[in-house]
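Please look through the model below, beginning with its aromatic rings and moving on to its central strands and its enclosed and open spaces.

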Amino acid sequence: MARGNGNRAPARITRDDDAAIYGAIDLGTNNCRLLLARPTAEGFHVVDGFSRIVRLGEGLNASEALCAEAMDRTVAALGICAKKMRAWGCQRSRAVATEACRRAANVGTFIDRVSAKTGIAIEPISAAEEARFTLEGCRALLNAEVTATHGALHDHVLLFDIGGGSTEVVWAPLVNGEPALPIAVHSLPFGVVTLAEEYGKAPLSVDAFEALVRRVDDRLGPLDAEHGISARIAGGRVRMIGTSGTVTTLGATHLGLTRYDRARVDGLILGRDRLLTLADELAAMDMEARQRHPCIGAGRADLMIMGLAVLSAVMRRWPAQNLIIADRGVREGLLLEMMAADAALPRQAKAGTPHGGA
């Protein structure tokens, strides 16, 4: 079963629990994702979730507008999200949209249609806000114990998120193993959907792949130079974390999974050499082989090669010894922020670990 299609199984938890249900929707250029959770002493417990590939950004590069078919798919997926939130008695929710809705000229029409059909209020957020929520959602993977386990105590974190319409790179200090406010957020105009449309479905030659890697790297250079990231990585003081379907697929491939399992992939730490070897192996596959891959599938086969090019550019420029693979991000950050604002979390749990199976 390909990652990102359909529902994840809800955790077994009764509905008469006293804690309120919170909902978070992350509407990206490629995916529509929902998490429903209750606050706990440790952070929160996921009770249900939903994820569907909608390709909202289909054709956006050419038209600068959301096409009718993409909006239809997305409204249908959001309708399922709305039904789930109603079924669970969701008491507070937030739905944010990223690159496709930031760019689309007709985003207002789309937002109005979603509201009328589903009752969900879609809120486009900036790249900086997206990065902040992603970092907050990944905070539990960057605690002092994890940071200290793999070498010296690190003083910075470099986080990257390869999305459908853009790639966000976040550079932030670590204070006692916890990420502070980002020093820099860099949004690259490279996402797996937009790149796939630009390059088409024909296989990328080795030369074309390397040219794309260099193209991405050219956009990373100014960020590197301004903040001296390479020098800090060379000194072993930077923790790197990657969150996207690209990196989680590499994690699942490393584990030899025949069906994607978030519980095993989220938080997995892979060495750089192993990661790049896996990336090379998947990049060398033809389209049919990627379609047959149990953790890629037909819905993402054309996107994977683009994500691998972006990943390769990041890992070559910044050769950190290890990478933390995260299957979490904006939704988890949204949940934690809402719960903290409502004083629904104990102070020590505000950056806590999500629990549950969704």
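Searching the whole structure for aromatic pairs gives zero, where rings of Phe, Tyr and Trp (its six-membered ring) would pair if their centres lay within 6.5 Å, planes under 30 degrees apart counting as stacked, over 60 as edge-to-face and the rest as tilted. A ring does have a charge over it, however: Arg132 lies over the face of Phe133, 4.6 Å from the ring centre, the rule being that NZ of Lys or CZ of Arg is within 6 Å of the ring centre and within 35 degrees of the ring normal. This is a predicted model, in which local features need pLDDT of at least 70 and side-chain atom pairs count only at pLDDT 80 or more, while totals for chains, interfaces and linings use all residues. Residues are numbered from 1 along each chain as its sequence is written, and side-chain values use heavy atoms, with hydrogens and water left out.

Strand E10 (residues 238–243) is largely enclosed by the rest of the structure, because six of its six residues are buried, that is, under 20% relative accessible area with a 1.4 Å probe and protein chains only; strands (E, at least two residues) and helices (H or I, at least four) are DSSP runs numbered from the N terminus. In a regular strand the side chains alternate between the two faces of the sheet. In E10, Val238, Met240 and Gly242 point one way and Arg239, Ile241 and Thr243 the other, all of them buried. Strand E6 (residues 156–162) runs parallel to E10 and is joined to it by six bridges, with Leu158 opposite Met240; strands pair if DSSP finds at least two bridges between them. E10 also pairs in the parallel sense with strand E12 (residues 322–326), over three bridges, and here Ile241 stands opposite Ile324.

E6 also contributes to an enclosed space, being among the elements that each supply at least two residues to the lining of the largest cavity, as do strand E2 (31–39) and helix H14. A cavity is a set of points on a 1 Å grid over the protein atoms alone where a 1.4 Å probe fits but cannot get out, and lining residues have an atom within 4 Å of a point. The largest cavity has a volume of about 500 Å³, and among its 35 lining residues Asn31, Arg33, Asp161, Ile162 and Gly163 lie nearest its centre.

Conventions:
Buried means under 20% relative accessible area, exposed over 50%, partly exposed in between (1.4 Å probe, protein chains only). On a 1 Å grid over the protein atoms alone, a cavity is a set of points where a 1.4 Å probe fits but cannot get out, and a pocket is an open set with protein on both sides within 12 Å along at least five of seven lines; lining residues have an atom within 4 Å of a point. Grid points are joined across faces, edges and corners, and a volume is the space filled by probe spheres set on the points.
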